[in-house]
Every structure is written in structure tokens, then in C-alpha cells.
Amino acid sequence: MKCLTEDQLKAYERDGYTVLDLLTENEVDELSREYDAIFDKQNKEDMEATWSGDWNKQKEKTEVYSIHALQLYSAVFTRLLLHEKILDACEDILGTCNIILHHTKAHKKPPSTGSPFPMHQDYHYFPHEKDSMVAVFISLDEASPENGGLCVYPGSHKLGPQKDCSDNPLTHYVDQTRFPMGNAMPVTLKRGQVLIFSYLLVHGSYNNTSKHDRRMYLMQMYAGDDKPISDQETRPCQTMVLRGERIIANTPVWKPLIQKDILAKKMGVQGAM
């Protein structure tokens, strides 16, 4: 074990998540400054990411701002991808030193109007053969039910993939009557704490009814010998090796353009791909 204790690992295996203190105060301060600077430069309308679908019965307008791949905006987030303690914790959980990046994203819930997220499993967005995918969720603010924090169904990862009940092809969520948000367990986090959870864990988040933003940053990683089940959307820096190596058998479902394809496209040749 490099980071987690035996008790912490057993708790993760039982509950499907764990809360860890892995970042220093200076690291959190730096991430917070860079995060705000990136968001301040973007157009809010382009960042709106509230989930649609028949799960949402609210009549009042809510909003949440989202940016993917902050490592493309600031080296601070590039360095975070290789954070030794975070990768040590993921190595303990995944049981391998081979760790691959799937994607990163940031969500910012504004005060009073911050949107909730329905109970869901990340699995439905990018299913993998061995279900090794984990989310590394960094809370840049204190998180609670009042400011739109997370809630989970502990142990739900052991149920396996649940039925996707969404009526919208762009969003995925589970049966909200079987997994009502009101029965879920709130996850209260301190500023800078790291929550690592299985992509099979049923989770969601509340409205932000507080007077302050709730900011989070998330990195999704998986084991080097795991691979996607079906064709999936490609994300920036996907399959980047964060530690160890990517096993040869783990071939991506997408193919990068090679030089002759680029040249063929410029010349208007069809069927180059």
C-alpha cells in the first residue's frame, strides 16, 4: 500500500468511495487561483451544462458552468494529473501501477441558482470491460447539501450497471424512484479534500441554495489493462499514461489521422479514413 491504509481500502471496497486529504493548503490555493482565472475568461453562455431530461421537475431556472480539460488552459492542472499522492491512492484502489487518463472537467455552481445533478452512474457515459474507472473529485470549496454538494448510495457500485432511464440521448441517469435523492447520503467535504469513487457508484448533487459558489475539479482514470466496451466520444488527452504503461491490448476505439489522410482530405479525396 502506498497511500491508503488497509481500513481505508476495505471501506472503499465496501462503500465505493473514500475521502482523503492529499493536497497541501498551498496547492489548493494555487489550483483555486488558476481555476478562477480560467472561468473568468470564458463566456458563461458557452459553459452552461445543466442536465436536461424528465428527471428535472423544477420550474425555476438553475444553472451550472462547466469546462473540460483545464490542463489545456494552465500547466497547474497538467502538473495535477501527475500528483504523486493522488496517483498513489489510485494505484492502491486500482491494484495496478498502470494508470490511464480518461478525461478531466470542472463544474462551478453559482450561488442560489446552482443546478442539481440527478442520481446517476458515470458508467453509462464510458463503459469499460473491467469497470476499473474511478473519479478523482477535488472540492475547491467546502461542500455540503446547502451549496450543491454530492450525495451517494454507499455500496451501490456492487449492484453493477443500472438501467439508464434518461429520455435524453445526451444525458444518462438511473431510476429516480428507486434511487431518490432524498434517501441518498450527503458527502460533506472540506476545502481541498479529495473524493475518489467508482464509476458504478450511484451519485448525484443538490441545488446550490447558499450565497457562495461551489467549485469542483474532476479527473477520471482507469487501469492500463482495461478498455472501452463500445465506440465512445473522444476527449482531450484521452489515453494519456499517468503512471506505468498502457497495455498493448488496450487499443483505443478511435484512430488518429495519419499524414496521408490529412493530405487526402485537403485534396478532396473521399474515403480516406
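Start with the whole protein chain in cartoon view: six helices and eleven strands make it up. Keep in mind that this is a predicted model. Its C-alpha atoms fill a box of roughly 55 × 45 × 40 Å along the principal axes. A compact globule of 273 residues would have a radius of gyration near 19 Å, and the protein chain, at 19 Å, agrees with that.

**Stop 1: colour by confidence**

Colour the model by pLDDT. The mean for the protein chain is 91, and 90% of the residues reach 70 or more. Now select residues 253–273, where the pLDDT is below 50. Beyond near neighbours in sequence, this stretch has 13 contacts in the model.

**Stop 2: the largest pocket**

Which residues lie nearest the centre of the largest pocket? Select Trp51, His68, Lys105, His107 and Tyr125 to find them; the full lining has 38 residues. The space inside this pocket comes to about 830 Å³.

Next, show the elements that give two or more residues to this lining:

- helix 3 (44–47)
- strand 2 (65–68) and strand 3 (99–109)
- strand 4 (117–120) and strand 9 (203–205)
- strand 10 (214–223)

If you colour the lining by class, you will find 15 nonpolar, 15 polar and eight charged residues.

**Stop 3: zoom in on Lys105**

Stay with one of the residues you just selected. Lys105 is part of strand 3. Pick its C-alpha atom and that of His68: the two are 37 residues apart along the chain, yet 4.1 Å separates these atoms. Which residues does Lys105 touch, leaving out those up to four places away in sequence? Show Ile67, His68 and Ala69, then add Tyr217 and Leu218.

**Stop 4: a four-stranded sheet**

Now follow an open sheet of four strands, ordered 4-9-6-7 with antiparallel pairing. Strand 4 and strand 7 (185–186) are at its edges; each has a single partner strand, so one side of each is left without a neighbour in the sheet. Then look at strand 6 (residues 150–152), which pairs with strand 9 in the antiparallel sense over three bridges. To see across this pairing, select Val152 and find His203 of strand 9 opposite.

**Stop 5: the second largest pocket**

Finish at the second largest pocket, which holds about 170 Å³ of space. Select its lining in groups:

- Tyr12 and Glu13, then Ile93 and Leu94
- Asp131, Ser132, Met133 and Val134
- His157, Ser198, Leu200 and Ala223

Which helices each supply at least two residues of this lining? Show helix 1 (6–15) and helix 5 (84–94). Coloured by class, the lining has seven nonpolar, three polar and two charged residues.

Conventions
Residues numbered from 1 in each chain as written. Predicted model: local features only at pLDDT ≥ 70, side-chain atom pairs only at ≥ 80, totals over all residues. Heavy atoms only, no water. 1 Å grid on protein atoms, 1.4 Å probe; cavity = no way out; pocket = protein on both sides within 12 Å on 5 of 7 lines; lining within 4 Å. Points joined across faces, edges and corners; volume = space filled by probe spheres on them. Nonpolar A, V, L, I, M, F, W, Y, C, P; charged D, E, K, R; others polar. Pairing = 2+ DSSP bridges. pLDDT = per-residue confidence, 0-100. Contact = heavy atoms within 4.5 Å. Rg over C-alpha atoms; globule rule 2.2 N^0.38 Å.
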